[in-house]
Amino acid sequence: MSIVCGIPLVECVYCLACARWAWKRCLHTAGHDSETWGLATAEEFEAVPRLCRYILAVYEDDLRNPLWAPPGGYGINPDWVVLRKTYEDTQGRAPPYMLYLDHDHADIVLAFRGLNLAKESDYAVLLDNRLGQRKFDGGYVHNGLLKAAGWVLDAECEVLRELVEKYPNYTLTFAGHSLGSGVAAMLSMVVVQNRDRLGSIERKRVRCYAIAPARCMSLNLAVRYADVINSVVLQDDFLPRTATPLEDIFKSLFCLPCILCLRCMRDTCIPEQTMLKDPRRLYAPGRLYHIVERKPFRLGRFPPVVRTAVPVDGRFEHIVLSCNATSDHAIIWIEKEAQRALDLMREKDNTMQIPAKQIMERQETITRHSQEYKAALQRAKTLDVPHASTPPSQYGTFEEEGEESSRRSQGESSFGSTNKSTVDESWEELIERLFDKDEHGHIVLKKQ
């Protein structure tokens, strides 16, 4: 009887717990994801709005007579465009892209456009993946995006190598939006792993800006390549938070709010420690820049603030229930808000700073990034993230040191064996010269 009387009490506690969880879930905003991050500086964020305009330029058929240019134009000199590839040129193996030689900023830029809802080939690239299907450099990556990046590198390897060798002081930048961001991120990783194909380009000259990035690499790779790859997320953008396989989202594109809500409920119930220990789970790549320009329970947009970090746990783990989750994914809005944020940063900074102070701030930014990078690597090791590596002395891949020590040990062992064989041969010659055998087979000293 006492058990039966206790059932309503259990139901009440259960209902209250569910109501509390739903309330907290609805109150979760995008600002909570990056509230503990540091603020970005104007110098490190300067390239973002410019690269957004370059990506928008890929959509144009004629850059000399643009149809959809943003206010102020694309900032592109058509004479500096090295090549442009359309869907007909790529045959659907990669999204359209443009190679631009930016002499004003000493940069070689390869920009990719985003997803085209009318092209089946773009869907084919996204759907070409299963959980844990493709391994790369000690982690897991999106198979379709990696294949697209490999095709682009094979197609443009000669042109890129010529430009890199012709302009040794220029950086090599890969930029893309949405689908293109995944291809750009994969391409930067492939180039870093095959630098000899581009004239042994230094790692520090390679960089990537993934705008509204897709989750395309495992956590250990996302942290390890944070010195090369930068991801830019506008407020509530759904794609960097979509931890489910991308095919589930795009198969139900016309019922996207329902799918996002269901995935949000499911992912919230999964403990974060469980998610971190799944080596196949994909994440947004590299260092993250989060543009926050809305506040809870307030109407309208506020002056945007850009926060940056290399997080391990709390890395855009949960979808935000917001009516702007899809609109914040648009490259037009990202370019507009990124430019506003950059203008505000420059206003706060004294634009008439002396060069020495600018150099000092640049060095401080580099030092801060290096410290955050090493702290993220150490944090990943502490949380037992699969295949996580300990921080190196400076930026670089982690296999190089192991391979070098392995080669060194192999060299030492071969050197030791060579010395040993040489010593044995010397002793044999000495014995043959000093001793001999008599008629009974006994060893006797030779007569001099």
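**Notebook: Arg203, a helix pair and the sheet**

I began with Arg203, whose side chain makes a polar contact of 2.8 Å with the side chain of Asp227. I note that the model is a predicted one. I located Arg203 in the loop that runs between helix H7 (179-193) and strand E8 (206-211). I then looked up its accessibility: Arg203 counts as buried, because its relative accessibility is 9% and the cut-off for buried is under 20%.

I turned next to H7 and its packing with helix H6 (residues 143-166). The two helices pack at an angle of about 65 degrees, and their axes are 8 Å apart. I recorded the crossing of H6 and H7 as right-handed. From H6, the residues in contact include Leu145, Ala149 and Val152, and from H7 they include Gly182, Met186 and Val190. By class, I found 12 nonpolar residues, 1 polar residue and no charged residues in this contact of H6 with H7.

I then traced the sheet. It is open, has 9 strands with mixed pairing, and follows the order E1-E13-E12-E10-E8-E7-E4-E3-E2. At its edges I found strand E1 (38-39) and strand E2 (81-85), each of which pairs on one side only. E1 runs antiparallel to strand E13 (residues 305-309), and 2 bridges join them. I noted Leu39 opposite Arg307 in E13.

Last, I examined two helices that pack on the sheet. Helix H3 (residues 47-57) touches several strands, among them E2 and E8, and its direction makes about 75 degrees with that of E8. Helix H12 (residues 331-348) touches strands including E10 and E13, and its direction makes about 100 degrees with that of E10.

Key: Residues numbered from 1 in each chain as written. Predicted model: local features only at pLDDT ≥ 70, side-chain atom pairs only at ≥ 80, totals over all residues. Heavy atoms only, no water. Helix = DSSP H or I, 4+ residues; strand = E, 2+ residues; numbered from the N terminus. Buried < 20%, exposed > 50% of the residue type's maximum accessible area, 1.4 Å probe, protein only. Polar contact = N/O pair within 3.5 Å; in protein donor to acceptor, adjacent residues only side chain to side chain. Axes fitted to C-alpha atoms, helices over the stretch in contact; angles between N-to-C directions. Left-handed = near helix turned anticlockwise from the far one by under 90°. Contact = heavy atoms within 4.5 Å. Nonpolar A, V, L, I, M, F, W, Y, C, P; charged D, E, K, R; others polar. Pairing = 2+ DSSP bridges.
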